[in-house]
Amino acid sequence: MEQRRLTDNEFDQLWQEASARSQGLRLSEGYGQWQRNRRRTLGTLAMLTVVAAVALPLLGSPRSDVYEHVYCNRIGVADSQWVTLAEDLLLEA
């Protein structure tokens, strides 16, 4: 049987094809694990986003301008003024 010698270009081409084939096989074997890791990471990020969206409003500082009681030590305040004050307080709450 006669053997023929490869040129440098043919050898390089065959080497690149074999390398690409092994790289493709390695990538296809690792794709399932990569996809599971990706899903887990996205799920974790979504969960953290939901937790932050719920927790941030609850952790916010209480409003300092909220008044629950009104006191007045003056006599002769008109009833209309109390009605207006009550409307303002109810609309703020």
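**Exercise 1. Place Arg36 in the chain and classify its exposure.**

Arg36 sits in helix α1, which covers residues 8-59. Helices here are DSSP runs of H or I with at least four residues. This is a predicted model, where local features need pLDDT of at least 70. Residues are numbered from 1 along each chain as its sequence is written.

Next, take the relative accessible area of Arg36: 45%. Now apply the cut-offs: buried is under 20%, exposed is over 50%, and partly exposed lies in between (1.4 Å probe, protein chains only). Arg36 is therefore partly exposed.

**Exercise 2. Name the residues that form a positive surface patch with Arg36.**

Patch members have over 30% relative accessible area and no salt bridge (a side-chain nitrogen of Lys or Arg within 4 Å of a carboxyl oxygen of Asp or Glu). Like charges are joined within 9 Å, nonpolar side chains within 5 Å. Lys and Arg count as positive. The partners of Arg36 are Arg38, Arg39 and Arg40.

**Exercise 3. Find the nonpolar patch that includes Leu14, and classify Leu14.**

The patch consists of Leu6, Phe11, Leu14 and Trp15. Together they have about 460 Å² of accessible area, computed by the Shrake-Rupley method with a 1.4 Å probe. Leu14 belongs to helix α1. Its relative accessibility is 46%, so Leu14 is partly exposed.

**Exercise 4. Describe the protein chain as a whole.**

Start with secondary structure: 2 helices and 0 strands. Then burial: 0% of the 93 residues are buried. Finally, surface: the chain exposes about 9400 Å², and carbon and sulfur atoms supply 58% of that.

Definitions and conventions: This is a predicted model: local features need pLDDT of at least 70, side-chain atom pairs count only at pLDDT 80 or more; totals for chains, interfaces and linings use all residues. Side-chain values use heavy atoms; hydrogens and water are left out. The place of a charge is taken as NZ of Lys, CZ of Arg, CG of Asp or CD of Glu.
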